[in-house]
Amino acid sequence: NEQIMEEGKKVPLLFCFHGGGDSTMYLTFVSGWYEIAHRYNFLYVPIENHQNVPAAEAIQVLGHLKQKYNIDEKRIYATGFSMGSGKTWDMYQEYPEVFAGLAPASALFPVRNNPFGVDLGDKLNTTVPVPIFYSGGEKSHLPELPFQADSGLERVQYCAETNRLKKKFDGLSYEDKENWAQPIWGIEGDRVEVVHDDSRGSDLTIHYFDSEDGVCRTAFASISEQVHECRHHTNENAWKFISQFTR
């Protein structure tokens with residue numbers, strides 16, 4: 001994109017992490033990130049075989065990119081699907097001060113573990129809020145959303161605590177999900193937006209949550225009629241949300 005590479009122009013950067021048994025080609029072309037990058041003018045960098053790269057090495061890649069491109073260090077973002085969502089959450093857990101926003105989709109890894117299964121212990125971020133757009137499929141057979149598995153609820157509770165949401169998730173129990181006030185997330189957002197996806201005949205339902213400082217930096221989204229997959233429509237809406245923020 002010539003506009004992106006214009007000399008002297010600082011550009012936002014989006015890291016992208018693919019799913020297990022997959023490649024960067026899927027997220028780049030099938031789920032449409034290449035088109036979104038061109039439309040919104042940011043530098044898109046998918047990481048191939050990132051399952052072999054711990055978070056620290058991914059941050060080293062960032063250092064090399066800064067030497068080659070005029071990257072806006074206040075606007076560095078990351079996204080990922082499935083296994084790549086686990087890597088994106090790992091960035092939230094280990095390097096929150098680096099990212100202006102994160103958009104993990106359909107995460108499967110437990111909180112406190114990085115994608116290699118290592119317990120982060122004292123290195124787990126519990127104090128630095130990071131703008132986040134988390135999404136998952138309502139019909140997935142995998143543990144993406146809180147109503148699908150206890151691990152999904154734990155992930156949301158961790159984010160709610162770290163981002164210091166006004167609404168508290170810590171009182172929710174997966175065993176009591178039949179009595180949740182909101183059937184998917186357990187708690188209704190401060191604002192709820194439904195964005196229809198004409199290409200798939202489904203709805204992206206986004207619950208926006210305010211933090212205690214009054215800033216809305218947390219969006220939890222579910223997609224109707226979606227199993228374990230990553231869609232262009234969701235990705236574009238995720239970018240619209242996280243790209244509002246700077247570090």
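## Exercises on a mixed sheet and its helices

Eight strands build an open sheet in the order S2-S1-S3-S4-S5-S8-S7-S6, and the pairing is mixed. Two strands count as paired if DSSP finds at least two bridges between them. Helices (H or I, at least four residues) and strands (E, at least two) are DSSP runs, numbered from the N terminus. The model is predicted, so local features need pLDDT of at least 70 and side-chain atom pairs count only at pLDDT 80 or more, while totals for chains, interfaces and linings use all residues. Residues are numbered from 1 along each chain as its sequence is written, and side-chain values use heavy atoms, with hydrogens and water left out.

### Exercise 1: the sheet

Task: find which strands are the edge strands.

Solution. Start from the strand order, S2-S1-S3-S4-S5-S8-S7-S6. Then look for strands that pair on one side only: these are S2 and S6 (191-197). As an extra step, compare directions: neighbouring strands are turned by 15° against each other on average, direction ignored. Here, axes are lines fitted to C-alpha atoms, for helices over the stretch in contact, and angles run from 0 to 180 degrees between N-to-C directions.

### Exercise 2: strand S1 and its partners

Task: work out how many bridges join S1 to S3, and why S1 is largely enclosed.

Solution. First, take S3 (residues 71-81): 6 bridges join S1 to this parallel partner. Within that pair, Leu-14 has Tyr-77 as its bridge partner, and Cys-16 stands opposite Thr-79. Next, turn to S2 (residues 43-47), which pairs with S1 in the parallel sense over 5 bridges; Leu-13 is matched there with Leu-43. Finally, check burial, where buried means under 20% relative accessible area, exposed over 50%, and partly exposed in between (1.4 Å probe, protein chains only). In S1 (residues 11-17), 7 of the 7 residues are buried, so the strand is largely enclosed by the rest of the structure. Helix H3 (residues 55-68) lies across S1, S2 and S3 and runs at about 145° to S1.

### Exercise 3: from S3 to S4

Task: trace which helix the chain passes through between S3 and S4.

Solution. Begin with the pairing: S3 and S4 (residues 101-105) are parallel, over 5 bridges. Tyr-77 has Gly-101 as its bridge partner in S4. Now follow the chain from S3 through helix H4 (residues 83-94) to S4; this β-α-β crossover is right-handed. That label applies if, with the strands pointing away from the viewer, the path from the first strand over the helix to the second runs clockwise.

### Exercise 4: Cys-230

Task: decide whether Cys-230 is buried or exposed, and list what this residue touches.

Solution. Locate Cys-230 in the loop between strand S8 (216-223) and helix H6. Its relative accessible area is 8%, so Cys-230 is buried. For contacts, meaning heavy atoms within 4.5 Å, leave out residues up to four places away in sequence; Cys-230 then touches Tyr-26, Leu-27, Ser-31, Phe-81 and Asn-235. Lastly, compare sequence with space: Cys-230 and Leu-27 are 203 residues apart along the chain, and their C-alpha atoms are separated by 7.6 Å.

### Exercise 5: S7 and S8

Task: state in which sense S7 and S8 pair, parallel or antiparallel.

Solution. Strand S7 (residues 202-210) and S8 pair in the antiparallel sense, over 7 bridges. One matched position is Thr-205, opposite Ser-222 in S8.
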